[in-house]
Amino acid sequence: MAERTHPQASCDDASMTGGAIAAERASVEPAFALLTDGRAIQIREVCPGDLDAVRDLHRGMSLENLYLRFFGLSPRIADEISERLCRSAGSAHAVLGAWLGDELVGVANYEPTEDPGSAEIALAVADGMHHRGVGTLLLEHLVSLARSRGVREFRADTLTQNTAMLRVFASAGLATDRGCCADGVVEVRIPLTADARYLDAVAERERYADVASLRHLLGPASVAVVGAGRRPESVGGAILRNLVSGGFPGTVFAVNPRAGERLAGAPCVASVAALPEAPELAVLAVPPDAVAQVAEDCGRRGVRSLVVITSGCDGRALLATCRRYGMRLVGPNCFGVANSAVRLDATFAARPTRAGAAGVVVQSGGVGIALRDHLSRLDIGVSSFVSVGDKYDVSSNDMLLWWEADPATRLGVLHVESFGNPRKFARTARRVGRRMPLLTVVAGRSAAGHRAAASHTAAAATPTVTQEALFRQAGIIATHGLGELLDATALLAHQPIPTGERVAVISNAGGVGVLAADACADAGLCAASLSERTVSELTRLLPHGAACTGPVDTTAAIDPERFTRCLDLVATDDGVDAVLALVVPTAASDLTSAVAAGGAAKPLAAVVLGQPESVRVRYGPGGRRVPSYAFPEDAARALSLARSHGRWLERPVGDEPRFSDLRENTVTRIIQRHLDTVPAGGWLPPADTMELLGAYGLPLAAWRPATSADEAVRAAAEHGDHVVLKADVPGIVHKSDVGAVELDLRGEADVRFAYARLAARFGDRLGGVLVQPMARGGVEILCGIVQEPVFGPLIVFGLGGVATEVLGDRSARLTPLTDVDAAELIRSVRGAPLLLGHRGAPAVDTASLEEALLRLSRLADDHPEVAEVDLNPIIARPDGVVAVDARVRVLPQRRWDPYLRRLR
Ligand code: ADP
Ligand code: MG
């Protein structure tokens, strides 16, 4: 077979057209994305070298299709259109093509109209490729590209009979305005705002397509193990044996050049090419230098997905091969995949896994083995298991989507060090987390705090803002290690989620009960106070010397039946949200089976002191499962984690408000202008800073530049004669530290003296001064944007001013912020009472503060080049809020849209 060439190669000439346009064009990276049937297409810009392909596409279209698209039937129309689409770059138009393998299956383009910010869009899909999502994908990519280039609205003329086209626009989730309809032509107007509704529609399509593509991986009809050896220590051999002994009902092949006709009961062939049929999944356990060739062979043979166990191979080249042939890839350097629903165990685990409720995704194979064993032992079991290894393709994002669609999965366990696309991950997790608990271990805590901090906000971001809070915002239960992870998983898998913080503690040894009550308090829970009725019934039931209020102490002299009855009594008390039952086995009576026998009305956690396992399951009547811990602290922490998840579920999601006054193009222009002069980026000069923040409607104090004492005096007069002077000296980050801020100046003499002081202090370096009105009273607040290494942009809020580091009172949330997030953020700092009305003082204007946070969030999401914003202080008063100091740092960023549907 001839070597397939990558369609991308033909675009090289376009990037040589020179100048700014070439740079602009080069910024659009070719991307792969999934069709509704799970196949991958490549989307990239069309260039003159593609003329033949574009012509073939249009010539191949039926007359009907051509008519619908171009409203005309001239025989030359296909050629004319193709030549126009493939003309050299140079104007503001853009053309994207979709390739399935070598074949161009669709094009979408826009041409600017007379109205600035508006462009005419057209879309064509090959006749045989309708209803597979080609048009929608092209539209989504074109929307993203257009937005990044300042287009704010698409227009399209479509014939009214062209319902398919109208459906593409409408179902894309973009609000469409059907404009005038004349002669059967409808003008559709599409404002390009990526609002929540649009993003939800994109996410829904992504889930559908992603799950379709993962079916080849997790629900294959046939599997080949390439590199299956005879020796017991051979990894490939172990995978083959697990597949066969696990009872996989589909076809299994072994590929090994030296093995005989059968291996571990499976037919064995010498090479991938010699396979009698194309397996849907191939598991590669071959030496590193053989991976590239075997992957290529698999692609040619028609394999749909690869799991590469081998480590030390070139992952990028491997991924390129997989993309070329439309194969999904797990690994390399992984431990395998498993799916209980189809009895697929393509791992080299030593023991089989119990089928069950937990979806598991891990980066490290070792952690994966441990989790599988424990989840089996805890009677939770595993639904699907993927060890993503170096995660060149399939990542935790994919697994979230798979779990969401999989009826067997009731909870998800993630142990990964990073998320390929954190923003998309956070958005998906927020949705999936409403359907099932998602748990993870916070990794890299120690490294997270160390970062060179350039501004107050950046310094604020990590030490006090823990990743835990960010995970919680995304709906993920963050634990501090595997032990805590299993403790919480056991509770969430087997017991309902507590609906409140009030825990009833009941034990057969008073001292243990006190320990448990303390542990609950430490974990943020509180002791339930039992109703009078419960107390009196307990008093009747329990022997003399028992404690019936506070932590209930049954004493050791009690039989299992009465202990069980006590559990039932406290669990049915309305003042109790969860029950913690603790027993110490004694010679008098063994209550270990009683801890799981009662209290079914509420979530129940048991502690059996002396139990060797840190957590295990005990069984009650009707097969009820109760997690049982060795120590009260572990049980209390598990209850607390389950409760905070409950709180997250109860909390309204909120809306991401849209602001109609954002001037995106102004921001784009300021950033571009700065990066043109300073390609490495940095802090914007004051005038740019103010203009940029003003374009997003952030509340800024009035300011005027002045370069002489006379000018400063005039500016001060316009501000009402009570002013502040700030020296504009390049390179200074904290102005007041170096005496660059002159506060509280009244009248001309004050201003002149202050100007003279600044001139003397900074000499030649003084570029001028900023004159601002002096704001009086109010609370100093810090707000800003910082980039978090794992999660992307955060909005930080805290008590500000020059003492902000000393106070260290800050909190942060992931973008995009909802109105609920913004309200919570303001109330989450310790100093919140100062804002909400303290000792008779009126509350500050929190609505304006919240709005400022929401506007910052939009700025961070719309403009990834905005690496850092530091509004410190914002002076918050009952009559409004105003920022008197602002800094913005921009960095060159690959312009990419985190929510765009594309494979990595
Ligand atoms: P920097 O943070 O670079 O030191 P700022 O401009 O934030 O400089 O000024 C330092 C402090 O001066 C602020 O925290 C605030 O307390 C006070 N300040 C600055 N500008 C004003 C103003 N216009 N009105 C009232 N106070 C101000
Ligand atoms: Mg400041």
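Into which domains is the protein divided? Before the answer, one thing to keep in mind: this is a predicted model. Going along the chain, there is domain 1 (13-195), domain 2 (212-491), domain 3 (501-636), domain 4 (662-701 + 776-904) and domain 5 (702-774). Notice that domain 4 is written as two stretches, 662-701 and 776-904.

Let's look at how domain 2 and domain 3 meet. Their C-alpha centres lie 40 Å apart. The contact between this pair takes seven residues from domain 2 and twelve residues from domain 3.

**Nonpolar cores**

In soluble globular proteins, nonpolar side chains tend to be buried together. Here, the largest nonpolar core has 58 residues, and L243, V307, W403 and L438 are the ones with the most contacts inside it. Where does this core lie? Both domain 2 (212-491) and domain 4 (662-701 + 776-904) give residues to it, so the core sits between the two.

To get a feel for the surroundings, pick L438. Setting aside neighbours within four places in sequence, L438 is in contact with L400, W403, G412, L414, A429, V432, G433, G475, I476 and I477. There is also a second, separate core of 56 residues, which includes L57, A108, V151 and A172.

**Aromatic rings and charges**

Searching the whole structure turns up three aromatic pairs. One of the places to look is Y110 with F154, a tilted pair with 5.7 Å from centre to centre and 40° between the planes. The two come from distant parts of the chain: Y110 belongs to strand β4 (residues 103-112), F154 belongs to strand β6 (residues 153-159), and 44 residues separate them. Are these rings buried or exposed? Y110 has 1% relative accessibility, so it counts as buried, and F154, at 0%, counts as buried too. Elsewhere, F335, F348 and F385 make up one aromatic cluster.

Rings also turn up with an arginine over the face. R434 lies over W648, at 4.5 Å from the ring centre, and R855 lies over F659, at 4.3 Å from the ring centre.

**The magnesium ion and strand β38**

Which residues coordinate the magnesium ion (ligand 2)? They are N872, through O, and D885, through OD, at 2.1 Å. N872 lies in strand β38 (residues 866-877), while D885 is in the loop between β39 (880-883) and β40 (886-890), so the pair ties together parts that are 13 residues apart in sequence. N872 is buried, with a relative accessible area of 3%, and D885, at 13% relative accessibility, counts as buried as well.

N872 is worth a second look, as the peptide bond from N872 to P873 is cis, with omega near 0°. P873 is also found in strand β38. Another cis peptide bond joins T815 and P816, with omega at about -5°; P816 is in the loop between β37 and α27.

Moving on to the loop between β38 and β39, you'll find P878 there. P878 is partly exposed, with a relative accessible area of 48%. Leaving out residues up to four places away in sequence, P878 touches P842, A843, V844 and D845. For a sense of distance, P878 and E153 are 725 residues apart in sequence and 39 Å apart in space, C-alpha to C-alpha.

**Helix α27**

Which residues of helix α27 (residues 819-827) are buried? They are V820, D821, A822, L825 and I826. An α-helix has 3.6 residues a turn, so residues three or four places apart point the same way. The elements that cover the buried residues of α27 include α13 (422-432), α16 (467-473), β36 (792-799), β37 (810-814), α28 (832-836) and α29 (846-862).

**Positive phi values**

Finally, here are two residues other than glycine that have a positive phi:

| Residue | Phi | Place | Relative accessibility |
|---|---|---|---|
| K391 | near 35° | loop between β19 (382-387) and α12 (396-405) | 9%, buried |
| R839 | near 50° | loop between α28 and α29 | 80%, exposed |

Both residues sit in loops, but K391 counts as buried, whereas R839 counts as exposed.

Key: Residues are numbered from 1 along each chain as its sequence is written. Chains are lettered from A and ligands numbered from 1 in the order in which they are written. This is a predicted model: local features need pLDDT of at least 70, side-chain atom pairs count only at pLDDT 80 or more; totals for chains, interfaces and linings use all residues. Side-chain values use heavy atoms; hydrogens and water are left out. A nonpolar core is a set of buried Ala, Val, Leu, Ile, Met, Phe, Trp, Tyr and Cys residues joined through side-chain atoms within 4.5 Å. Buried means under 20% relative accessible area, exposed over 50%, partly exposed in between (1.4 Å probe, protein chains only). Domain bounds come from an automatic or database domain assignment. Contact means heavy atoms within 4.5 Å. Rings of Phe, Tyr and Trp (its six-membered ring) pair if their centres lie within 6.5 Å; planes under 30 degrees apart count as stacked, over 60 as edge-to-face and the rest as tilted. Helices (H or I, at least four residues) and strands (E, at least two) are DSSP runs, numbered from the N terminus. A charge sits over a ring if NZ of Lys or CZ of Arg is within 6 Å of the ring centre and within 35 degrees of the ring normal. Donors are N, O and S atoms within 2.8 Å of the metal (3.2 Å for Na, K and Ca); water is not among the atoms, so sites may look incomplete.
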